[in-house]
Structure formats: structure tokens, C-alpha cells
Protein chains: 2
Amino acid sequence: MIDTPYLLFLGDAPDGLAAKVAQGIKDWRPEFAIGQYRMEGCKADMGLADMTLAEAKAAGAKTLVIGVANRGGVISPAWKKVLIEALEAGFDLASGLHNLLRDEADLSAVATAMGRSLHDVRVPSVQYPIANGVKRSGKRCLAVGTDCSVGKMYTALCMEREMRARGMNADFRATGQTGILITGGGVPLDAVIADFMAGSVEYLSPDNDADHWDLIEGQGSLFHVSYSGVTMALIHGGQPDALVLCHEPTRAHMRGLPDYQAPSLEALRDVALTMARVANPACVVTGISVNTQHMPEAEALAYLAEVETRMGLPATDPFRFGAEKLVDALDAI
Amino acid sequence: MIDTPYLLFLGDAPDGLAAKVAQGIKDWRPEFAIGQYRMEGCKADMGLADMTLAEAKAAGAKTLVIGVANRGGVISPAWKKVLIEALEAGFDLASGLHNLLRDEADLSAVATAMGRSLHDVRVPSVQYPIANGVKRSGKRCLAVGTDCSVGKMYTALCMEREMRARGMNADFRATGQTGILITGGGVPLDAVIADFMAGSVEYLSPDNDADHWDLIEGQGSLFHVSYSGVTMALIHGGQPDALVLCHEPTRAHMRGLPDYQAPSLEALRDVALTMARVANPACVVTGISVNTQHMPEAEALAYLAEVETRMGLPATDPFRFGAEKLVDALDAI
């Protein structure tokens, strides 16, 4: 686990989009976001207090999180200077960058000398077991998509927020680097070795209270040929009680695969449920989450109404219209 | 690729079963098996000529293959002595042991000094790409099982032998360590990082002649919760034209999973075909391979007849009764 709260490092971000990780932390774990650190020329702004390292330290921040993508895949000398100062000031560092902090000799040396941790969340820090398939206590919900990047993480986070607001016992369980940085822990599933994928999901979502819900972050899609194995491992390692189908209706083709079309929601429902029932015969599909960001509101609402009628399941865009329907359906299990 | 032919190292194997890898090489690539090297107390015998390192070298052997499991997961001093002598005599070494040759400082030093290769086939030696799903030329057959260890590798090897005997253009493509040692190359799929699994299968089975068949070694099962993600990646990375369903009818439960029962052949057919058609809409199920080793012959034949009638597909135990039916069905595509 990464020590919280965080100081969010925005570096010299060219725009707000580059600071997607920082935005996610600020949106979903505002209590972790003590302040932001911006370098000269930074064009991103999370609306948090701008702090020096010393000010953030005094305010209680434990970890400097790199909340921004780096240009050209290198950690620039200007960034490096700040990161070293942060280690010297007593911060841990956390990063989801492809190039690892631990591979930078100077950062590694200073971290060791100062007794600080470098969290590279793209690579597993745990030796995961092989999945044993034993039924676990507590309840689990998994978002599965017709494609990659259709809003599975946001769906789970929106549901977690709504459930906590209702006083329900619920935790988002991260399986990707952004989710891990947002919550401070999780499994970087796409970097796990094949034999241990399902086991890492069992590890992520252990036995829990009977009324507890894990909202497991989905990855990939059973219908996306590049990543379907990762999705399969989530379905079997997660042994979900509830599946939420996620869809983005305006895609011309599957993400990164020009020759492939997204499946229908019916096709996703049928195969995901068949596979989920191998690990949990009681699994049901409880709702549909549609990413309507590219649709005007009237069109989005009409589409959702059509899907509800056709599929006989509650359908919403939880980020745009709220997650109430999806949580009502979970609560009814 | 591992240089062939081989001298098969049987070490001090306590019985023939411990020398499963050597047996596989001798059965399926007899032309690679120049001779065997047995230490004092060895209880395994492949029926090959016993050779000293010098004799095997003179006979043209290029690689000493560790064809036996090691006891207690350590490479004993007695083994080590032979392995070092082999490197000094100019052999490469190849091993599918969990503990890697390269991690032994003395072996590593001698190999470097002599300019020899240490092939640890349990770990990938290639940086595989992410799968792109682009349709490849040539034809592909994949064996998929109701469970793990039901005879998928043997099915593919039996079919390859029958196809080559008919003059067909066919290659077994190994995805596990035994298959890699048998054929000299392949992908150790269970050790590949999640994001690259399907890409490694695309790499294993590239574009080929229009009449060429790749017989891709299956792994795991879509219904085995520990390894289903690996199977999924094979189905999508392999983009098979033909699926052969593999089954072992006498199992009391799924391998290693006491709480799980094997699915029916119908259930396997339906979900495997649905998933395979995502990557190759023309995919068909062409036959059924039943591992009847635990059934008397009359019972086995009756079972196969029943399966043929029920499923409307040719069914055989290709190891016991020949692979003709399965190859006839492929040839008819």
C-alpha cells in the first residue's frame, strides 16, 4: 500500500488531459489530495492549493504522486530535481510511468539512503499465488465491457461512491495503475505473469464480511482479442456475484483493432455470464453502464431507455446521470 | 531455437515417469534423440544408446537436454558436474526445470567462457508484441479441453504425425516447456506477462502457406478458473480455423479444484466456438479427442461411439486408436 495522503505532482503538464491520474485522485479520493505541486509552465490545475514540498510535508502529505504523463518516456532533469528533493524531504514517491523510478540510479540511491519507498505501480510488488477457486465470503461486482476503455473503472468508482453515501460496506478494488494510484493499492493485472493472473485477483479480493461488496475494476473485454485473457482471469479470479455490462455506443470499431466490431450487449451478457457461473453459479447480470459522453443528453436518455426495454435491465450512464439504478439492483441481490 | 540433435540427460531418475520430457522427445522427435546419458542409479531407460559426452559429440549431438525432473527443486552437485563437463565439451544445455540454469553461477560462468547457450525454456526469451488481431494466412488448429491435462499436447502431436505421413504441410507449435523441448522452439505461455499473451501466440504462428496447418498446443481450459485466461489468449491469438475438443471422461473433479466439475462437451463447444469466432468467423469444431487411458478398450470404443452420435462429430483417442478421423476432418475444410 502507498502511504496517504498525497501531494500531487503535476510537473510541466502541457494541458489538463496529461494530468489524468491527478484528476482521478482528486475526483475519487479528494481526502488523499492535500495539494498540488506545479513546475514552471504547468498548464494543468486541479484546483487544489499549490504547495512547496515543505508546506505539503507540514500539512501531513506522505507521498509525492506523479499525477501526469511524461513526454517522450523519459524522466527529465527538471522532474528529477524535484523528485530527489522530495525524497530528501521525507516523501515516498509513487508513479505509474512506463519507465520505472527504481531504474533511475540517482532516485534509487537517494531513496535507499533516506529509507524512502519508490512505488512503481505498473509492476507487481507481490508474488501472487495460483488461483484455487475456493468460494470466498462477502459479495463482488465486476464491470465487463463490450470493448476496452468504455468506462469500467469509472462505473465501479461511481458505484462505490453511491454505495458509501448510502452507508453500504463497499470498496473499489483497483486492477490498473490509475486505480492503484487513486486508492493507494491494488494489482497491476496487465503486468502479472499468465499463470498467476486469476490468483492475483483472488488475492485482491479476499474473504470479507457477508454484507461487504468489492467493486472490482474491469480490464479489457472478452471480445478484445489483445486482452481477452486478462478479462477471463478477472471473471474467474473475481468470482463475481454481479456483473455490470459496460458499453460505448459510438465506436466505429474495437479500440486499436480496425477490423473488429464491438459485440452486442446480448452477446456480452451471454458469454460473460456463462463464464462467470463457472466460478459462481449464483452470478447474475444486474445492470448496464453506458458511456454517453459523445451523445447529446436527449439522445443519451433515449438510448438508455431503449437499452432498458430491450435488455430488461436498469441502464444508466453513472458518471453523467448517477449510479442509483445500478446500486439499487446490487442492493436487491 | 534450440540446436538439434540432442543427447538426453536422464540423470539419476528414480523411475521412467520422472523422465517424461525425454520420453516425449523420443516418442515425437526420434530424429532429435541421438542417445541417452544415464548416471549411476538411473532407473529410467528410453531404449536409446547409452553415450558418454564424447561419444554423443562425435555422433553429432549439439545440446544436452535435461529430460528428467529434479528432486526437491535443486540441481544436485552430481548433476552439476555432468552439466559443466557438457558445456566444456561444447554442448549447449536446455532445461524446463523451475530453477533456472542461468541462476547457477558456475553454469553461467562456464557457459559464458565456452560461448555456449543455456536454454531455460520455462521463461520467455523474446519480447512479445501486443496482439493486433490481423488475419494471418495459412490454417490453424487448436485443441481446447474440458479440463487441464486431458491430452491436448498429445492430440496435436498425433495429428501432426498423421498429417506428415500423408504429406500434408503441418507443424506442431509448442506453448509449454515439454513441447518446446520436444520441438526445439515455442512460447512458454504460462510465463508470459498478461498483456502479451495473445501477442505471443500470434508470434508463434505467423503467416504461412495457404495449405499449411499449424497445430497449436492448447493450455488450460476455459472452464478451469486458475488458467482460463491463458486458454482465452490462445483462442484469440491463435485465431484457429478448427477446434478439436479434448476430454478425459473419468475425472472425479477438475484438476486441482475439488469443488469444480468438468463441463459437458456441448458447453465447451458452445463457448469455445463463440470466442474463437471473434477472431475467425469461419472457425468450426472438427472433432473430439478423448483420453481413454483409464478405460478398458471395449468401454473406450463404446464411449467414443456414443460421443460421435451425440455430438455429430468424429471422435477418437488419437494416441490409442490413431488420429485418422481428426485429420480427415481437417482435410475436409
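This is a short chat about where chain B meets chain A in a predicted model.

User: Anything I should know about the ground rules?
Analyst: Residues are numbered from 1 along each chain as its sequence is written, and chains are lettered from A in the order in which they are written. As the model is predicted, local features need pLDDT of at least 70, side-chain atom pairs count only at pLDDT 80 or more, and totals for interfaces use all residues, while side-chain values use heavy atoms, with hydrogens and water left out.

User: What ipTM does the complex get?
Analyst: The predictor gives an ipTM of 0.94, plus a pTM of 0.95.

User: And what's the average pLDDT of chain A?
Analyst: Chain A averages 97; pLDDT is the predictor's confidence in each residue, from 0 to 100.

User: How many residues are in contact between chain B and chain A?
Analyst: 32 residues of chain B are in contact (heavy atoms within 4.5 Å) with 32 residues of chain A.

User: How many salt bridges across that interface?
Analyst: The rule finds 0. A salt bridge here is a side-chain nitrogen of Lys or Arg within 4 Å of a carboxyl oxygen of Asp or Glu.

User: OK, which elements of chain B touch chain A?
Analyst: Those giving two or more residues are α7 (197-204), α8 (228-238) and α9 (265-279) of chain B. Helices are DSSP runs (H or I, at least four residues), numbered from the N terminus.

User: Which one gives the largest share?
Analyst: That's α8(B), with 6 residues.
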